[in-house]
Amino acid sequence: MGLKKNENDGPICTFVKGGLTGFIEAIICYPTEFVKTQLQLQSKSNPEYSGMLDCARKTVAQHGPQGLYRGALPLILGSSGKQAARWTGYETAANAMKDDQGKLTIPKRMLAGACGGVSEAILAVTPIETLKTRVTDDVRRGTKNYTGSFDAVVKILKSEGPAGLYMGLVPTIAKQATNQAVRFPVQFYAKQFLTGGDKSLETNPIYNGLAGAFAGAVSVLATMPQDTVKTRMQGEEAKKLYKSTTDCAMQILKKEGPMFFYSGTWPRMIRVSLDVGITFAIFPILGKIISFPY
């Protein structure tokens with residue numbers, strides 16, 4: 001423990017701070033993720049919900065407020081791993097690419113962000129979101145295949161093996177790499193704009209959070225198609241319905257039109273803006289509390 005500057009922190013310290021950041025963020029934001037997933041899974045021709053508020057209202061009416069947290073455990077726990085992998089991947093790559101003055105060009109900052117996105121997609125996001133989507137889809141369809149997240153893990157591993165948790169890996173890597181390649185530089189330059197380059201405000205949670213929320217909104221617009229395909233590929237019927245990621249995308253385009261790729265944009269934008277804003281606000285604060293060169 002100590003009060004060393006963040007740039008002196010080692011990868012283990014970054015991993016710990018990222019994990020704590022993800023845990024806090026996921027507990028706050030999960031209900032919007034649940035609603036977004038429900039909207040993406042429903043049929044366009046016979047929708048169950050008219051929008052995000054209708055989805056939230058019906059879920060609470062049928063299952064109580066806790067219904068909005070169905071399937072949350074793997075995402076809350078996995079968010080810790082996601083943020084840990086993201087920040088460790090980003091900072092490791094960024095530190096390796098800094099010039100003699102410790103600065104990063106925009107392309108290098110984007111590449112470092114993409115490295116963080118690929119790391120989190122492989123190590124945490126794909127298996128965690130597969131579980132979340134399977135459990136959410138089970139609730140939507142009323143099939144009652146799973147009693148909860150742990151039961152889903154056991155049954156998926158038993159019937160499909162570890163590969164069952166990695167459905168939708170390709171679109172997830174594409175989405176997360178694009179997400180972070182956009183978020184880190186946009187957040188950095190948005191914060192520079194808000195603070196006027198004042199170094200004393202570098203770790204201010206308000207400026208970091210506002211800049212992060214803006215970066216999150218921008219990244220949502222850039223990655224909604226990948227997110228929709230990823231969600232469909234992780235649904236209960238994915239193996240029966242789609243031959244591959246490309247086939248899934250083509251079927252959505254042919255049967256439901258290009259705009260369906262943006263289903264759930266508003267709840268996802270709210271969720272991601274909160275997610276990224278809270279993440280960028282919390283991480284520097286933890287940096288003042290937790291710091292060690294390992």
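A pocket here is an open set of grid points with protein on both sides within 12 Å along at least five of seven lines, and its lining residues have an atom within 4 Å of a point. The model in question is a predicted one, and its second largest pocket makes a handy place to start. That pocket has a volume of about 370 Å³. Its lining runs to 19 residues, with Leu41, Arg140, Arg232, Leu241 and Tyr242 lying nearest the centre. Two or more lining residues come from each of H4, helix H8 (238–241) and helix H9 (245–256). The largest share belongs to H9, which gives four residues. Sorted by class, the lining of this second largest pocket holds nine charged, five polar and five nonpolar residues.

Next come the cavities. Two of them reach 30 Å³ or more. The largest cavity holds about 150 Å³ of space. It is lined by 15 residues, and Lys82, Glu129, Lys175, Val272 and Asp275 are the closest to its centre. Helix H1 (11–41), H3, H4, H6 and H10 each put at least two residues into the lining of the largest cavity. By class, that lining has 11 charged residues, alongside two polar and two nonpolar ones.

The second largest cavity has a volume of about 30 Å³. Around it sit Leu75, Gly78, Ser79, Lys82, Ala124, Val125, Ile128 and Glu129. H3 and H4 are the elements that give two or more residues to this lining. Its class make-up is four nonpolar, two polar and two charged residues.

Glu129 deserves a closer look. This residue belongs to helix H4 (residues 106–141). Its relative accessible area is 8%, so Glu129 counts as buried, the cut-off being under 20%. Setting aside neighbours within four places in sequence, Glu129 is in contact with Glu33, Leu75, Lys175, Lys230 and Gln234.

On to the nonpolar parts. In soluble globular proteins, nonpolar side chains tend to be buried together. In this model, the largest nonpolar core has 16 residues, and Tyr90 and Ala112 have the most contacts inside it. Helix H3 (72–97), helix H7 (205–233) and helix H10 (265–289) each supply at least two residues of this core. Ala112 touches Gly89, Tyr90, Ala93, Ala94 and Met97, not counting residues up to four places away in sequence. Apart from the largest core lies another, of 12 residues, including Val35, Leu39, Ala72 and Ile76.

The aromatic rings round off the picture, with a count of seven aromatic pairs. One of these is Phe184 with Phe280, an edge-to-face pair at 5.6 Å centre to centre and 75 degrees between the planes. Phe184 lies in helix H6 (residues 169–195) and Phe280 in helix H10, so this pair ties together parts that are 96 residues apart in sequence. Both Phe184 and Phe280 are buried.

Phe188 and Tyr189 also form an edge-to-face pair, with 4.9 Å centre to centre and 90 degrees between the planes. Phe188 is partly exposed, at a relative accessible area of 21%, and Tyr189 is partly exposed too, at 35%. Finally, Trp87, Tyr90, Phe184, Phe280 and Phe283 make up one aromatic cluster. Tyr90 thus turns up in this cluster and among the residues with the most contacts inside the largest nonpolar core.

Notes
Residues numbered from 1 in each chain as written. Predicted model: local features only at pLDDT ≥ 70, side-chain atom pairs only at ≥ 80, totals over all residues. Heavy atoms only, no water. Core = buried A, V, L, I, M, F, W, Y, C linked by side-chain atoms within 4.5 Å. Buried < 20%, exposed > 50% of the residue type's maximum accessible area, 1.4 Å probe, protein only. Contact = heavy atoms within 4.5 Å. 1 Å grid on protein atoms, 1.4 Å probe; cavity = no way out; pocket = protein on both sides within 12 Å on 5 of 7 lines; lining within 4 Å. Points joined across faces, edges and corners; volume = space filled by probe spheres on them. Nonpolar A, V, L, I, M, F, W, Y, C, P; charged D, E, K, R; others polar. Phe/Tyr/Trp six-rings, centres within 6.5 Å; stacked < 30°, edge-to-face > 60°.
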